[in-house]
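Visitor: I am new to reading protein models. Could you take me through one, feature by feature?

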Amino acid sequence: MTPGFFIVFEGGEGSGKSTQAQLLAERLGSDGHEVIVTFEPGATDRGAEWRHALLDDHRPLDARAELLLMNADRAQHMAEVIRPALDRGAVVICDRHSPSSIVYQGIARGLGHELVAMVCAVATSDVIPDVVLVLDVSEAVARQRQPTAPDRIEAAGPEFHSTVRESYRHLAPLYGWTLVDGGQEVHDVATAVWSAVTNVRLGK
């Protein structure tokens, strides 16, 4: 695959993105591909500082400041990690990317998804993922997976996270994201993910 192939996992808190990203990476790696697994925010040295401000610091943060910090991290991530890997033909699997901002800051924070999509396009130099997989889980499942020490966004409250889930579901057809039932057994979710990725790769 040249240039590379860009896969993004999305979804609300507790949707199982990290688990499925790793399982997919292992399967693609076993097929002989170079696979880079990464995440947002915080995958670069500068990004780690911005991640602290975004997630670990629980003081109030203006929605516009949150959006711009997220995209500062994204621009650095694209320059240091994602674009170089894609340019050499690697498969990049990212836990969160621009769709998170479109949903979290665009809808849940009320900035507007069209505006946020434009900001993200600047940060990414218009690099678009080949496939975006949205792992959809019920609010009950998400609550069961809630960490004991939630970060600033995880602690935003049930109404916020309900809006996030519905926004992913609503915007998926508009942006071409693939919804996957993340409430199934881990193996079944992985099978659905593999099917979605294979369909896109074969059609490329």
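Guide: Start with the order of helices and strands. Read along the sequence, this chain runs β-α-β-α-α-β-α-α-β-α-α-β-α. Keep in mind that the model is predicted.

Visitor: How many helices and strands does the chain have?

Guide: The secondary structure comes to 8 helices and 5 strands.

Visitor: What is the radius of gyration of the chain, and what would a compact globule have?

Guide: The chain has 16 Å, and a compact globule with 204 residues would have a radius near 17 Å, so the two agree. Along its principal axes, the C-alpha trace spans about 45 × 35 × 30 Å.

Visitor: Next, a pair of helices. How do the axes of H3 and H4 cross?

Guide: For a pair of helices, look at the distance between the axes and at the angle. The axes of H3 and H4 come within 11 Å and cross at roughly 180 degrees. An angle over 145 degrees counts as roughly antiparallel, and H3 and H4 are therefore roughly antiparallel to each other.

Visitor: Which residues meet there?

Guide: From H3 come Ala63, Glu66, Leu67, Met70, Asn71 and Arg74, and they meet Ser98, Ser101 and Gln105 of H4. By class, the residues of this contact divide into 3 nonpolar, 4 polar and 2 charged.

Visitor: Now the pockets. How much space lies in the largest pocket?

Guide: The largest pocket holds about 430 Å³ of space. Its lining has 22 residues, and Glu13, Lys17, Glu40, Arg51 and Arg96 lie nearest the centre.

Visitor: Which helices supply the lining of the largest pocket with at least two residues each?

Guide: Helix H1 (17-30), helix H2 (45-56), helix H3 (63-87) and helix H4 (98-108) each do so. H4 gives the most, with 4 residues. Sorted by class, the lining has 6 nonpolar, 7 polar and 9 charged residues.

Visitor: Two of those central residues, Glu40 and Arg96, caught my eye. What is the peptide bond from Glu40 to Pro41, cis or trans?

Guide: For a peptide bond, read omega. The bond from Glu40 to Pro41 is cis, with omega near -5 degrees. Pro41 sits in the loop between strand S2 (35-39) and H2.

Visitor: And what is the phi of Arg96?

Guide: Arg96 has a positive phi of about 80 degrees although it is not a glycine. Its place is in the loop between strand S3 (91-95) and H4.

Visitor: One last loop. Where is Val127, and which residues does Val127 touch?

Guide: Val127 is in the loop between helix H5 (113-124) and strand S4 (131-136). Leaving aside residues up to four places away in sequence, Val127 touches Phe6, Met78, Arg83 and Leu86. For a distance, compare sequence with space: Val127 and His161 are 34 residues apart in sequence and 27 Å apart in space, C-alpha to C-alpha.

Methods: Residues are numbered from 1 along each chain as its sequence is written. This is a predicted model: local features need pLDDT of at least 70, side-chain atom pairs count only at pLDDT 80 or more; totals for chains, interfaces and linings use all residues. Side-chain values use heavy atoms; hydrogens and water are left out. On a 1 Å grid over the protein atoms alone, a cavity is a set of points where a 1.4 Å probe fits but cannot get out, and a pocket is an open set with protein on both sides within 12 Å along at least five of seven lines; lining residues have an atom within 4 Å of a point. Grid points are joined across faces, edges and corners, and a volume is the space filled by probe spheres set on the points. Ala, Val, Leu, Ile, Met, Phe, Trp, Tyr, Cys and Pro count as nonpolar, Asp, Glu, Lys and Arg as charged, and the others, Gly among them, as polar. Axes are lines fitted to C-alpha atoms, for helices over the stretch in contact, and angles run from 0 to 180 degrees between N-to-C directions. Angles under 35 degrees count as roughly parallel, over 145 as roughly antiparallel, 65 to 115 as roughly perpendicular and the rest as oblique. Contact means heavy atoms within 4.5 Å. The radius of gyration is taken over C-alpha atoms; the globule rule is 2.2 Å times the number of residues to the power 0.38.
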